[in-house]
Structures are given as C-alpha cells and as structure tokens.
Amino acid sequence: MPAHRSATTPTSDWWRQAVIYQIYPRSFADADGDGIGDLPGIRSRLDYLSRLGIDAIWLSPFYPSPLADGGYDITDHRDVDPRLGTLDDFDALVADAHQRGVRIIIDIVPNHTSDRHPWFLEAVAAGPGSPARERYIFRDGSGPDGREPPSDWRSHFGGPAWHRTADGQWYCHLFAREQPDLNWAHPEVRDYFEDTLRFWADRGVDGFRIDVAHSLAKDLSSPLRSQPNLDGMLPLDGSDPLYDRDEVHEIYRSWRRIFDEYDPPRMAVAETWHPTSSRTYLYARADELGQIFDFSLLKADWHPDQFRTVISRSLGEHAGVGGALTWVVSSHDVPRHATRYALPVGTDLDAWLRSDGTHFPLDEATAQRRARAATVMMLALPGSAYLYQGEELGLLEVADLPVDALQDPVYERTGHRLKGRDGCRVPLPWTVDGSSFGFGNNGAWLPQPDWFATYAASSQDGHPGSSLELYRRAITLRRKLADTDGFCWVDSGDAQVLRFARAEDWQCIVNFSAHTVPIPGRLILTSDPAGIPDRTGQSHTLRPETAAWFTPMN
Ligand code: NOJ
C-alpha cells in the first residue's frame, strides 16, 4: 500500500510536491499596451494565479534579447528587457508573489548567449586566436580554404551547427546562429553563471530552470568527433561529444553548493531532452539540481498503455536517484496537449501543423474531454506538476497561424519544413472581447483566432463545469489529499481503465474506453463537467474519456 500522509512538507522541500505554472512572459499579459506581455502584466494577474492554487511561477526568459529565439538568446543575464519592464518591476513582482505565498522560479540559459552579447561582439572584433574567442567555440573550417564547417554537427533549428564569420572562422551554435554556444571549459564562463545565480538568488528568486542542462560540457578535442544527428544518436552512456557527458554533473554539483548557501536552499530543475529517463534522473541527484523535467508523459499519446508505461518507468527510474518526480504535458516548445490528444495515435505533429491543422480536423469536444481527464490524472501523480499558461483554460494549439506572422526561427531555418512553436505561444485570452481578448489594450504580437473568446478566463470564472474551475478545484484538493510519493497501481480489471492509489483514502481512475465504468468508491473529483457528485457521493459512474478521484470502498 502507498505510504501514509506525513506532516506538512518542510519549506526547503516545497518543490517536491508542488504545482508550478509556466509563464511565457511575452504572451501572458500586456500592461503597457505595446502588444507584448510584460512583468507588470504578470503582476496584475497575481490574484488569478494565487486563486488557481499554484505553489510557484516559472518565468521563461524576460532578459534583454534581440528575440532570435523567443528570448532564449540573451544579451544580459542580469537585467530585464526594457519591453518587459525593469529590475524594479521584477523586485515588485517577487515581493507581491511572495506575499501571496507564490514562489518564483526563473530560467537560466547557460549553453549559449545572444550573438549581441558583449562577449560575443568582443570575440568577433578581436579575431582568430584572441582570448575573447576562447569563451565560445570558434574553429577553423575544413576542406579547401576552410570553406566547410569544422564538423558534421547539426543545429536543432535546421542546417549545420556552425556559422562562418567574416574573417573565415566558424563558431558553434546548437540552436539558432544568433545563439553562439559558450565554452564551459573556460573559467570566466563558469564564474559568470555562478555570479548570475547569486544575483537572482539575492533578489529573492526561489529556484532556477536550467535550459538544455545536458549540453554544457562538450568534447572539443581535435579532431572534433562526429555527431550528425544530435539527440537521435546519443549512445546513452555519457560518451556523446555534445550531450549528457559525465563531466556536466560536476558543474551542477558546484551550483548546488551555491543554492545551499541560501535559506531555504534554492531549488533547480533541469531541462534535458533525453531519449531515456534513466540518465536524465541523474541530474536530479540531491547534490546536483534536485529535479528534472520528465518529458515522457508529454511525449505519450492519449492511450492507456502509453500512459501506464511512462508512469511506471518514471517512478522506477527516479526512485534510484532520490530526486524529485515531475510531470508535464505542455510547454512553450510543443503543441498544446488538448490538441495532441484529439489527434490519432502516432500522428506526425509537424506534418499536421504544416497543413494548418487541416489534415485531420480536430474534434473540440474530444480534445476537451481527454485534456481534462489527463489533468485529473497528472495532478494525482506523486511529485510536482508543471502547467503551461493557458492549459487551465483548455486552450488548443493555434494551428493555422499565417506564415507571415510566424516568429519562431524554426520555420525559416528548416526551409519551412517545420512550422515552429508559435501556435502554443499565442497571447492568452482573458476576456471575451477587446483588441486582444484582454491580453492588453492594443493588440497582440501574434494574431489570436476568433475562437479564443470561447476560452477566455472571464467566461470560465465561476462556472463549475469549466476547465478553469476544474484546475482550481483539483489543485486545491490535491494539496489536502497527500504530500508523499506514495503510489501503487490497482488492477481495474479492464485494460482500458487505469487505476492507482496514492493513499488509503485517495485513488484515481481514468477511463480510456468507449463505455461507462463504475467508480468503486466515494467520488472526490471528476473531470466530467456533468459529473457533480450526488448527496451521498457514491452512486457514480465514469463516462468514456473521463477521470476521477475517489475514496475506495473497503
Ligand atoms: C529549450 C527552450 O525551452 C527552447 O524554447 C529554446 O529554443 C532552446 N532551449 C534553446 O535555448
């Protein structure tokens, strides 16, 4: 049986059983009417966030950025982009959030800088062989006159991971060419980021999300080793030249010493897109980052076997390292899960997006039903859940953004093969009308479709069957129900029905089948908008593609 509930989770461990809400600042709320979301906009919505019941906000980058990669190309890691506010705005946001009991996690992007970062400008100006170039990865090209890239490394955004400068040398960029990779063997790079962590921790941030955490340590020995297919080719044993090298863990052990200088210690969560979760969980060791994003649930289709397999695997693999479990189904990098779940199992999402969503017309009711059920399931799992802004509204992917509106470099850099990630970054609808559905008072940087009005927060607020109210209720209840990692599968007697127990008085059941099944106990919560419990709370059945929490009958 699962472990019993323990006393309140100690403050320093708050992130182990937390609900964390990701904000993509440019798309959340625009206070100054320039069409771009900003820090005062977030601050103005803190009551909404605190009513949602979340424990913390994770802010995607808000730093000065030329926006070659949506803010993940940074020119100053210790400032706020003037379009998004000031450091004073940041301090006010932290203070107001803390006052409401909401913690703040910020993004740290240590693999690369912007090509407008002063270090990179200095490196380009200083020329080949200069000490300034040592902070990055500059190399002479191969082939006649060095005309070919130094190695076969490919960029995630398409094309070679090398760009040639005017003086003939090449520099490495695993993402956009405006994001030169840093050389983590250089002591100044290490010092810069350690100082950056302290800078923000001193300002009161509670934790850090580490971007592409598995890429910092690279094998740069000559000749450069082959890695033509980035993640796909990882040998899964720490010997890849670019990713998940064993040496990278030493960096995080030194960061942990910094986090632990604070009271309470600062938390951290690693973003590591890795084909397995077994090596990924190594980053979550207690003397390293403590937590990783486990993307296995996010990669699963709406299917009971897939859900069961990834949940079992993650539970098993995290147990070996003692790190904290996490679950996530949506983010600023992938099509929204309500949309994904309504597509047939195995759909090529890139092809579907390229067709503007016309290849398979989406059934909105299916999308909502499945997304609600998955949420009720995810919020019942032990560990932390990371939500992505707008999912609480049931938002769908905006699949038919006109190509001339696209901002994500992925579209151009892949020669229009991939449409990119803008469809999940469209500014949020807060109200049913206004120039940008209440996002701001002067339009939005990405076009919002008319159907956003149906999903507006204002139209869901206070409506018991709405997605927003489901999230509010589930998050509030979950806090009361269990705060340990207790979990065990319970045989439902039906392969289409998943059932698990978290505590003696708390179980979750998810019905993937096309028939109604009984709820074997007293209903606590259901994803079914029509399934409000009766007075006894007992006589309930679970309709197809719904989920529920219940107290089992003995
Ligand atoms: C991961 C981030 O989530 C993504 O948005 C970004 O493009 C890359 N890292 C590069 O920083």
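The following paragraphs describe helix packing, ligand contacts and unusual backbone geometry in this predicted model.

Two packed helices are described by the angle between their axes and the distance between the axes. One such pair consists of helix α5, residues 187-202, and helix α6, residues 248-259. Their axes come within 10 Å and cross at roughly 30 degrees, and the crossing of α5 past α6 is right-handed. On the α5 side, the contact is formed by Arg190, Phe193, Glu194, Leu197 and Arg198. These residues meet Glu250, Ile251, Ser254, Trp255, Ile258 and Phe259 of α6. Sorted by class, the residues of this contact comprise six nonpolar, one polar and four charged.

A second pair is formed by helix α11, residues 364-378, and helix α15, residues 467-481. Here the axes lie 10 Å apart and the packing angle is about 10 degrees. Because angles under 35 degrees count as roughly parallel, α11 is described as roughly parallel to α15. From α11, the residues that make the contact are Arg372, Thr375, Val376 and Met378; from α15, they are Ser467, Leu470, Tyr471 and Arg478. The contact of α11 with α15 contains four nonpolar, two polar and two charged residues.

Attention now turns to the ligand. It is surrounded by 13 residues, of which the closest are Asp69, His112, Asp211, His332 and Asp333. For Asp69, a polar side-chain atom is positioned 2.6 Å from an oxygen atom of the ligand. The side chain of His112 places an N or O atom 3.0 Å from an oxygen atom of the ligand. Arg421 also has a polar side-chain atom 3.0 Å from a ligand oxygen atom.

The backbone itself merits inspection at several loop positions. Ser222 and Pro223 are joined by a cis peptide bond, with omega of about -10 degrees. Pro223 belongs to the loop between β7, residues 207-210, and α6, the helix that α5 passes in the right-handed crossing described above. Another cis peptide bond links Asp263 to Pro264, and its omega is about 0 degrees. Pro264 is located in the loop between α6 and β8, the latter spanning residues 267-270. Thus α6 borders the loop that holds Pro223 and also the loop that holds Pro264.

A further backbone feature occurs at Leu67, which has a positive phi of about 65 degrees although this residue is not a glycine. Leu67 sits in the loop between β2, residues 56-59, and α3, residues 87-99.

Technical notes: Residues numbered from 1 in each chain as written. Predicted model: local features only at pLDDT ≥ 70, side-chain atom pairs only at ≥ 80, totals over all residues. Heavy atoms only, no water. Axes fitted to C-alpha atoms, helices over the stretch in contact; angles between N-to-C directions. Helix = DSSP H or I, 4+ residues; strand = E, 2+ residues; numbered from the N terminus. Left-handed = near helix turned anticlockwise from the far one by under 90°. Contact = heavy atoms within 4.5 Å. Nonpolar A, V, L, I, M, F, W, Y, C, P; charged D, E, K, R; others polar. Parallel < 35°, antiparallel > 145°, perpendicular 65-115°, else oblique. Near = heavy atom within 4 Å. Polar contact = N/O pair within 3.5 Å; in protein donor to acceptor, adjacent residues only side chain to side chain.
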